[in-house]
Amino acid sequence: MRTFIEKMRGEGRVIDIEEPCSTVFEAPKLASETDDLLFFHKLDGNRKGVMNVTASRASLSCALGIPEHDIVPRLAATGQNGMITEGKRLNMSVPDLNSLPVMKHFPLDAGRYLTSAIVFSQYGGVENASIHRMQVLDEKRLAARLVEGRHTHSLLQDALSDGERLPVAITIGTHPAVTFASCTRVPQGKEMQYAAELLGGEIELNTCSHGVRVPDAEIVLEGYIGSETTEEGPFVDITGTYDPVRQGPVIEITGMHMKPDAIYHGILPAGNEHKILMGMPYEPKIFQAVAGVTRVKNVVLTTGGCGYLHGIVQIKKSTQGDAKNAIMAAFAAHTSLKHVVVVDEDINPFRMEDVEYAIATRVRADRDVMIIEGVRGSSLDPCRIGDGTNVKMGIDATMVMGEEEKFIRAEWD
């Protein structure tokens, strides 16, 4: 990550915050005001940290070494065939999560949360890497949000069914290509091979004391997930509204490894870095799906659509039905999509003024708008509350107004 930070500094895209800065609201609020990389030199006194590491497509372009508008076509053609080499065995010290500059982002958050941390797990010969939000409970315990059915959750269920705990290692402060790979839906166990491809073909993995392998990172935590659960949340998700309180598994941290003068990485929930990392990994998947029905030029999940719910698909149209086929392919590839706009080659999908121009001058709603009823959509969409498809939220995360429920939007003031 340090190499990437210096590369960004060379491009004039790093803002150094030299004065003391609090991890409670202050640093997150500063991150909300810019997409430049913020380097904090005195977080809570003497800790170093960064935010907005990849808060724009330009930053991700810098990280991947791919021109900004070529990222999606290039990633759509990238495999998971990179080489993994064996690194060193890490020496662990006694863990103290309270010594890290973990941030509290918004007033109604349940506490301080790790937001950039990658969870590496290993069980039954299968390795996995994925990002999960984790609430700090005390100096040695975290509460994690594991989505049911995803790979980490599945490995945990396998371990518990065998009467065992799932060994995990958590990294904070990795190269952005590794972070991006960990957010991408690739076949189980292929995240680091994909990261290796993004890094030029090879990645070195170090080994923790319990055998879980991790890439180079500023901070490494090792531990286990067992059967213990606790309340996790509320916490702000991608739409900028509070996610409900849930029962989540507890991670017991048994060791900690830190580089000298370690640099902590925090991601602002619902900020542009969150949107980039959550949404952009789906763009190559949509590109591949649309390529099966027509000639696709590019795909964008828009910032205004929370980086997740709205898609722009640029195609080279051959027949009149290509646009509708492209829409159906996009919805199938990313089932959380809510609105899809298909544009021609002369419309720049990265400029929302261009897209709005196309809607204003080329769309007749009776002919060109297609509404698909009864589909699941995204559980993160706030307007779905009360339609029978959402899990009812806890009172801490909603306001009750008569018979209606409204999501609370996260704000500092």
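This is a short tutorial dialogue on reading a predicted model of a protein.

Me: Let's start with the whole thing. How many helices and strands does the protein have?
Reply: There are 12 helices and 22 strands. Keep in mind that you're looking at a predicted model throughout.

Me: What radius of gyration would a compact globule with 413 residues have, and what does the protein have?
Reply: A compact globule with 413 residues would come out near 22 Å, and the protein has 21 Å, which agrees. If you prefer box dimensions, the C-alpha trace spans about 65 × 55 × 50 Å along its principal axes.

Me: And what share of the residues counts as buried?
Reply: Of the 413 residues, 52% count as buried. The accessible surface comes to about 18,300 Å², and carbon and sulfur atoms hold 48% of that. Contacts tell you about the fold too: among those with a separation of 6 or more, 67% are between residues 24 or more positions apart.

Me: Now a helix. Why do residues three or four places apart point the same way?
Reply: An α-helix has 3.6 residues a turn, so residues with that spacing point the same way. Take α1, residues 2-10: F4, I5 and M8 are buried there. They cover an arc of only 100° around the axis, which puts them on the same side of α1.

Me: Which residues of α1 are on the other side, and are they buried or exposed?
Reply: T3 and G10 are on the other side, and they're exposed.

Me: What do the buried residues of α1 pack against?
Reply: Quite a list: the strands β1 (14-17), β2 (37-43), β3 (47-51) and β17 (263-265), plus the helices α3 (57-64) and α6 (176-183). Just after α1, look at G12, which takes a positive phi of about 70°.

Me: How do β1 and β2 run, and how many bridges join them?
Reply: They run parallel, with 4 bridges joining them. To find your place on screen, pick I15, whose bridge partner in β2 is L38. Then trace the chain from β1 through helix α2 (residues 26-31) to β2, and you have a right-handed β-α-β unit.

Me: Which residue other than glycine has a positive phi near 50°?
Reply: That's D44. D44 sits in the loop between β2 and β3, where its relative accessible area of 42% makes it partly exposed. Compare A270, another residue that is not a glycine, with a positive phi of about 70°. A270 belongs to the loop between β17 and α8 (272-279). With a relative accessible area of 17%, A270 counts as buried, since the cut-off for that is under 20%.

Me: Where is the cis peptide bond that has an omega of about 5°?
Reply: That bond joins G233 and P234. You'll find P234 in the loop between β13 (219-232) and β14 (235-236).

Me: Last one, a single residue. Is N128 buried or exposed?
Reply: N128 is buried, at a relative accessible area of 3%. Its home is strand β7, residues 126-131.

Me: What does N128 touch, leaving out residues up to four places away in sequence?
Reply: V119, F120 and S121, then H151, T152 and L155, and also E191. For a sense of distance, try V94: N128 and V94 are 34 residues apart in sequence, and their C-alpha atoms are 25 Å apart in space.

Conventions: Residues numbered from 1 in each chain as written. Predicted model: local features only at pLDDT ≥ 70, side-chain atom pairs only at ≥ 80, totals over all residues. Heavy atoms only, no water. Buried < 20%, exposed > 50% of the residue type's maximum accessible area, 1.4 Å probe, protein only. Helix = DSSP H or I, 4+ residues; strand = E, 2+ residues; numbered from the N terminus. Arc of directions from axis to C-beta. Contact = heavy atoms within 4.5 Å. Pairing = 2+ DSSP bridges. Right-handed = clockwise from strand over helix to strand, strands pointing away. Rg over C-alpha atoms; globule rule 2.2 N^0.38 Å. Areas by Shrake-Rupley, 256 points an atom, 1.4 Å probe, with all protein chains shown as cover.
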